[in-house]
Amino acid sequence: QLSVDQTSVEPVSSPKEQEWAGPEALCPGWLEDEAPDGEVPEDSGDPDCATHAYELLQSALRQEGLPHTLDHSAEPRTGFGPLDMTVCILGSPTAFLPVLLEGGTRCPGAMVLCLSPTWASRVPSETSPGAWSLLLSRGVSFEAGGHSTLETFVPPRRANYVTGTFATGSPESGWVGELARDLDCPTGGSVPLTHRLEDPLITRWVLAARAGLPVPPTLAFILGPGGDLPADPVAPGVRLVRLEDPQGQESLVQEE
């Protein structure tokens, strides 16, 4: 699995290399504000960083020795219905690259990567009152052999399964979490769930108290109510000590 850090060391591609599917296809006019030194300024008219994410995808594909993404966005794909399989990956192009490549091999064309909130929309669900359907107007689809294509969908393509980069602190987590909220299809996570899973204390309490699984002996000191923990959490192997104020409670900490 590739990381953003790994892809960031790639040299900047030459204009000739960018001809295959220039980011102009993603965000028209992105080169108009190009800085004199060749770097795209921070306020480049691309607030959701689709261009940057697209370039990260191309860098990751090059590192894997795979062909670059073909730009077929000028020729909209049609004919997709509600029964057609569409597995939508929201956010980072590198975090789920192995999943996209494997999915493209097993179900060619079904894996669609959404790099921007402007590529998708939420509409009230026709089958589940109170829920929403996620429709994709644009995406990068994956085929066998690591081939990928930038496509537009007319009418928009309905997602049957959604997952993405929900990790707290990731630049995409805000819009990814919003697009994936209260959908009428299965999802591979959510921002609140990721927040809970990333908290080792909550994770250990759930495993010990709810699932009856052994966890390492744990002594935890917390300030305040403890967030998602119950008022008096009881779990084998887990001891929780609440501190009103970290100042002047050294003796209590030492005693525990």
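**Entry 1. Phe166**

I looked up Phe166 and found it in the loop between β7 (161-164) and α4. The model I am reading is a predicted one. I asked whether Phe166 is buried or exposed. Its relative accessibility is 4%, and I therefore recorded Phe166 as buried, the limit being under 20%.

I then listed the contacts of Phe166, leaving aside neighbours within four places in sequence. Ser173, Val176, Gly177 and Ala180 are on the list. Gly188, Gly189, Ser190, Val191 and Thr194 are on it as well. For Gly189 I also noted the C-alpha to C-alpha distance to Phe166, which is 7.2 Å across 23 residues of sequence.

**Entry 2. Ser173 and Trp175 in α4**

I turned next to Ser173, a contact of Phe166. Ser173 lies in helix α4. With a relative accessibility of 14%, Ser173 counts as buried. Not counting residues up to four places away in sequence, I found Ser173 touching Thr165, Phe166, Ala167 and Val191. I also checked Ser173 against Leu90: the two are 83 residues apart along the chain, and their C-alpha atoms are separated by 9.2 Å.

Trp175 is found in helix α4 too. I recorded 15% relative accessibility for Trp175, which therefore counts as buried. Which residues does Trp175 contact, leaving aside its neighbours within four places in sequence? I found Leu90, Gly91, Cys114, Leu115, Ser116 and Pro117. Between Trp175 and Ser116 the C-alpha to C-alpha distance is 8.3 Å, with their positions 59 residues apart in sequence.

**Entry 3. Asp182, after α4**

I examined Asp182, which is in the loop between α4 and α5 (191-197). Its phi is near 55°, a positive value in a residue other than glycine. Most residues other than glycine have a negative phi. I noted 44% relative accessibility for Asp182, so I entered it as partly exposed.

**Entry 4. Nonpolar cores**

I asked which members of the largest nonpolar core touch the most other members. Of its 37 residues, these are Cys88, Leu90, Leu113, Cys114, Leu134, Phe142 and Val162. I then checked which elements give two or more residues to this core. The helices are α2 (50-63), α3 (97-106) and α4 (173-179), and the strands are β2 (87-90), β3 (111-114), β5 (132-142) and β6 (148-158). The largest share, six residues, comes from α2.

I followed Leu113 in detail, leaving aside neighbours within four places in sequence. Its contacts include Leu57, Leu100, Trp119 and Phe142. Ile89, Gly91, Ser92, Pro93, Gly139 and Val140 are also in contact with Leu113. I noted, besides, a second, separate core of eleven residues, with Leu201, Ala208, Val215 and Ala220 among them.

**Entry 5. Cavity**

I searched for cavities of 30 Å³ or more and found one in the structure. The largest cavity holds about 30 Å³ of space. Which residues line the largest cavity? I listed Leu201, Trp205, Leu229, Pro233, Ala235, Val238 and Leu240. Of these residues, Leu201 is also included in the second core. I checked the lining by class and counted seven nonpolar, no polar and no charged residues. Helix α6 (200-210) and strand β9 (238-243) each supply at least two lining residues.

**Entry 6. Aromatic pair and strand β6**

I looked for aromatic pairs, and the count came to one. The pair is Phe80 with Phe153; the ring centres are 5.7 Å apart and the planes stand at 90°, so I recorded it as edge-to-face. Phe80 lies in the loop between β1 (70-71) and β2, and Phe153 in strand β6, so the pair ties together parts 73 residues apart in sequence. I found both Phe80 and Phe153 buried.

I stayed with strand β6 to look up Pro155, which lies in it. The peptide bond from Val154 to Pro155 is cis, with omega near -5°. Most peptide bonds are trans.

**Entry 7. The chain as a whole**

I closed with totals for the protein chain. I counted seven helices and nine strands. Of the 256 residues, 42% are buried. Among contacts between residues at least 6 apart in sequence, 61% join residues at least 24 apart.

Conventions. Residues are numbered from 1 along each chain as its sequence is written. This is a predicted model: local features need pLDDT of at least 70, side-chain atom pairs count only at pLDDT 80 or more; totals for chains, interfaces and linings use all residues. Side-chain values use heavy atoms; hydrogens and water are left out. A nonpolar core is a set of buried Ala, Val, Leu, Ile, Met, Phe, Trp, Tyr and Cys residues joined through side-chain atoms within 4.5 Å. Buried means under 20% relative accessible area, exposed over 50%, partly exposed in between (1.4 Å probe, protein chains only). Helices (H or I, at least four residues) and strands (E, at least two) are DSSP runs, numbered from the N terminus. Contact means heavy atoms within 4.5 Å. On a 1 Å grid over the protein atoms alone, a cavity is a set of points where a 1.4 Å probe fits but cannot get out, and a pocket is an open set with protein on both sides within 12 Å along at least five of seven lines; lining residues have an atom within 4 Å of a point. Grid points are joined across faces, edges and corners, and a volume is the space filled by probe spheres set on the points. Ala, Val, Leu, Ile, Met, Phe, Trp, Tyr, Cys and Pro count as nonpolar, Asp, Glu, Lys and Arg as charged, and the others, Gly among them, as polar. Rings of Phe, Tyr and Trp (its six-membered ring) pair if their centres lie within 6.5 Å; planes under 30 degrees apart count as stacked, over 60 as edge-to-face and the rest as tilted.
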